[in-house]
Amino acid sequence: MKAVVLAGGFGTRIKPLTYSLPKPMLPLAGKPILEHVIHLLKNHGITEAIFLLYFQPEVITNHFRDGKEFGMKINYVIPPEDYGTAGAVKFASEHLKGDDPFLIISGDLLTDVDLGSFIEYHKNKNALVTIGLTSVKDPLQFGIVITDNEGKIMKFLEKPGWGEVFSDSINAGMYVVDPATLNLIPGRQTFDFSQDLFPRLLGEGKPIFGYSLRGYWRDIGDSTSYWEANMDILAGKSRVKGKGRRLDLVGKDIWLGDNVDIAIDAELEGTVIIGEGVKIMGKAKINDSIIGDHSVIHQGANIIKSILWNDARIEENSWLEGSVICSNVKIGKDVKIEPGVVVSENCTIGQRAVLNQGVKIWPSKEVESGATVSSNLIWGERWKRSLFEESKVTGLSNFELTPEFAAKLGAAFASFLPRGSSVLMGRDTHRAPRMIKRAFVAGVLSAGVNVKDLKAVPIPILRYKLQTFGEVGGAYFRYSPENPEVTEILFYDSNGFETSVSFEKSFERIFQREDFRRVPEGAVGRISDLSGIVDFYKEGFMRAIKREGIKENGFRIVVDFSFGPSSEYFPSILNELGCEVISLNAYTEEHGGGIDEERALELLPKIVRATDAKAGFLLGPWAEKLYFVDETGRVYKDLESFLLWFHLILKTEDPSIIAVPTFVPSYLEEIAKENGFKIKRTKNSVRAVSEAVRDKDVRFVSYPDGRFIFCDFQIAYDGMFAIAKTLELMAKLGVKLSEVSEGIPKINFLHATVSCPWESKGVVMRKASQEAQGREVSFLDGVKIYLDGSWVLTFPDQYKSIIHVYAEAKSEKDIRLLIDEYTKKIESWVGS
């Protein structure tokens, strides 16, 4: 049998380790990952391999040559373009002639699985393709595979969200393939196994099976998993061999290369692998670590659970723990390096420097003596789990999200868009977002895309303009509502929607590879001001509102503008509607903490009562969110504001469809049906709810934190329009807000969160799915179990280490018992 080894990946997520090496050549226990893969194949009788290369192929070919030194026959295939995994195998088909099946294996895995039983299973099943499966704690970055009891694959879910995780069995990157499969792969075009071929085989009813592999398996996807893989080898969890000869010492497991010089008073503890030509001086202590060839460890240095590549130099009394130090790195005296640190090639760390936990230093950097490095030294880049968090990029202003970083973001954004096209840009009035926007704009212009600058405007105005022709996307810059020291960049597509997950992944690939489009001087984008945008918004606003009823009532209202730019535009609209407006915080700020919401909601009711106003409104700083205050001074926020809005709609509007997230109370369906309305449930994210407006039958949308969409006007959350619409509906019904709230029954509904490490989320969702067996259940987003007159919903947060639990029950006692029961269950699942 032949093996096809996929070894052409860029290793983007594992940077900075892959700046000078392709990912399959990263050293594990002193040998390249690919060398461990070769030994695995050879141990199972596979002695001929085809290496599919693409990125830095010469590093691999120079190391393995024809394969004889490793007991293998190796052929190399280098596609001229990135054809994807299946497309690359198709390109190598001339090496795969014959009737025998062949093995495909990823060249960047650490594994000791039993390939023999895997291959035999494939033959016994007469399968076209058999996929190797394994269970992992965090399945988000992999393709989830669901099989029946016979092993036949029933469903694929490629890189799901947490709400879609119903199994922790994933595609392990190993396949046994019948050569007839090659006929189903188109030549010389991008074609992927997981995204293209496997779904096609499943759809056509072809025999495709999954086999649960036995043995150790780890995907080395990022620097943390790379460190963990090395530690697993040292701990004996994986049956792979490191470099060197083993010393016969009681209580220790020491492996030495040739020409090693170790001082008699140096201390080696646990499992230590020491490469060729290494020198370890007196009183140095090394525990559970790997020391690369020709490295020098000076007197008194402490190295604990760390990986050093070749030619590293550690000076006196320095302390390294849980870190990765790449080749040709010099660590000065008395340096402290904390767990999770990665120092890339050719760096110099000055004496007494401190590298804080998780810091990554890119190649050829110098850290001055005595410096404390608290963020990545990579020209402002920030290395985190994901660049995006639901259509936005965030960072500590001028430290994590710097002008350099923003310019790169702008270039990546524009590189994804057509050359010569135009985008909209808007911001709030704070100085830091304005600075970041200017840097971002420079990056956009550099890639040949024009910028139409709206300056300081509310978000709904920017999104309203995007719904017309002329722009291919937009971005808005603001301070974070959770922390004013943080800047957020919100991204929108050409229709004003939050950008899609696929857009974000493509954007992130361009950004990480720095594959920016550069244009000549004459093609650089230009900046223009978009005059008349407020009048354009106002015209559409007025057409969508029935003004007469509002004018006849002459509403006196109190509006808190939260220091937002809406204070410059919205009062004139309200005045034109005949409203008497008492404005609070109706000016903008350039810095500071923003609105103190709790204090504002204490003051607003008092002013409403004191002025005998018909209603009060707290409009969010960017004019998206809205809270209500009735004439008695009662405050309605979050779920209460949603229910007030919902009942007002039911009483005044023609029957239609209202879209809401899965977690809101089931009471809505009952009351909606009584009034001729229908409820459409969506996934639980703000983005998923807002995208419900793509359904042309949906007229109203709300996320129950004070955000409302009236589809007859626009597809974005718009607190300004929601205020005017509320006044219109009050006038139409002839009621006060307090009278509307009288018809809202008490709903026994609670929300709780449970802390959950990322690696335990898959286990929790599998347990929740098992808990639901034999019961009425919904898997729209998370696991929603229906009980006798009650329900409980469990789903993981997409960006935080928590599990959400929502529940609704018949009584207050029942709801507390239900929420307590399931939070305790989840806590036990987390610990299992």
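A crossing of two helices is called right-handed if the near helix is turned clockwise from the far one by less than a right angle. Keep that in mind for the exercises below, which work through a predicted model.

**Exercise 1. Describe how helix H1 packs against H2, beginning with the angle and ending with the residues in contact.**

Step 1. Start with the geometry: H1 covers residues 33–43, and its axis lies 11 Å from that of H2, at an angle of about 50°.

Step 2. Now name the arrangement. An angle of about 50° makes H1 oblique to H2, because angles under 35 degrees would count as roughly parallel and 65 to 115 as roughly perpendicular.

Step 3. Apply the opening definition: the crossing of H1 and H2 is right-handed.

Step 4. Look at the side that each helix offers. H1 brings Leu 34, Glu 35 and Ile 38, while H2 brings Ile 60, His 63 and Phe 64. Sorted by class, this contact holds four nonpolar residues, one polar and one charged.

**Exercise 2. Which term fits the packing of H11 against H18: roughly parallel or oblique?**

Step 1. Find the two helices, H11 at residues 533–544 and H18 at residues 719–733. Their axes are 11 Å apart and form an angle of about 25°.

Step 2. That angle makes H11 roughly parallel to H18, since the limit for this term is under 35 degrees. The handedness of the crossing is right-handed.

Step 3. List the partners. From H11 come Tyr 537, Phe 541 and Ala 544, and they meet Met 720, Phe 721, Ala 724, Lys 725 and Glu 728 of H18. The class count for this contact is six nonpolar, two charged and no polar residues.

**Exercise 3. Work out how H20 and H21 cross, and which residues meet there.**

Step 1. The axes of H20 (residues 761–771) and H21 (residues 812–830) come within 9 Å, crossing at roughly 130°.

Step 2. This makes H20 oblique to H21, because only angles over 145 degrees count as roughly antiparallel. Here, too, you can note a right-handed crossing.

Step 3. On the H20 side, the residues are Val 763, Val 764, Lys 767, Ala 768 and Glu 771; they meet Tyr 822, Lys 825, Ile 826, Trp 829 and Val 830 in H21. Seven of the contact residues are nonpolar and three are charged, with no polar ones.

**Exercise 4. Describe the second largest pocket and its lining.**

Step 1. The space in this pocket comes to about 450 Å³. Of its 25 lining residues, Met 25, Pro 27, Gly 30, Pro 32 and Asn 310 are the closest to the centre.

Step 2. Trace the lining back to the secondary structure. At least two residues each come from strand S3 (31–32), helix H2 (57–64), strand S19 (285–291) and strand S22 (307–308).

Step 3. Divide the lining by class: twelve residues are nonpolar, eight polar and five charged.

**Exercise 5. Examine the backbone at Pro 16 and Asn 259.**

Step 1. Recall the usual pattern: most peptide bonds are trans, and most residues other than glycine have a negative phi.

Step 2. Lys 15 and Pro 16 are joined by a cis peptide bond, with omega about 15°. Pro 16 sits in the loop between strands S1 (2–6) and S2 (27–28).

Step 3. Asn 259 is not a glycine, yet its phi is positive, about 55°. Its loop runs between strand S15 (253–256) and strand S16 (261–262).

Notes. Residues numbered from 1 in each chain as written. Predicted model: local features only at pLDDT ≥ 70, side-chain atom pairs only at ≥ 80, totals over all residues. Heavy atoms only, no water. 1 Å grid on protein atoms, 1.4 Å probe; cavity = no way out; pocket = protein on both sides within 12 Å on 5 of 7 lines; lining within 4 Å. Points joined across faces, edges and corners; volume = space filled by probe spheres on them. Helix = DSSP H or I, 4+ residues; strand = E, 2+ residues; numbered from the N terminus. Nonpolar A, V, L, I, M, F, W, Y, C, P; charged D, E, K, R; others polar. Axes fitted to C-alpha atoms, helices over the stretch in contact; angles between N-to-C directions. Contact = heavy atoms within 4.5 Å.
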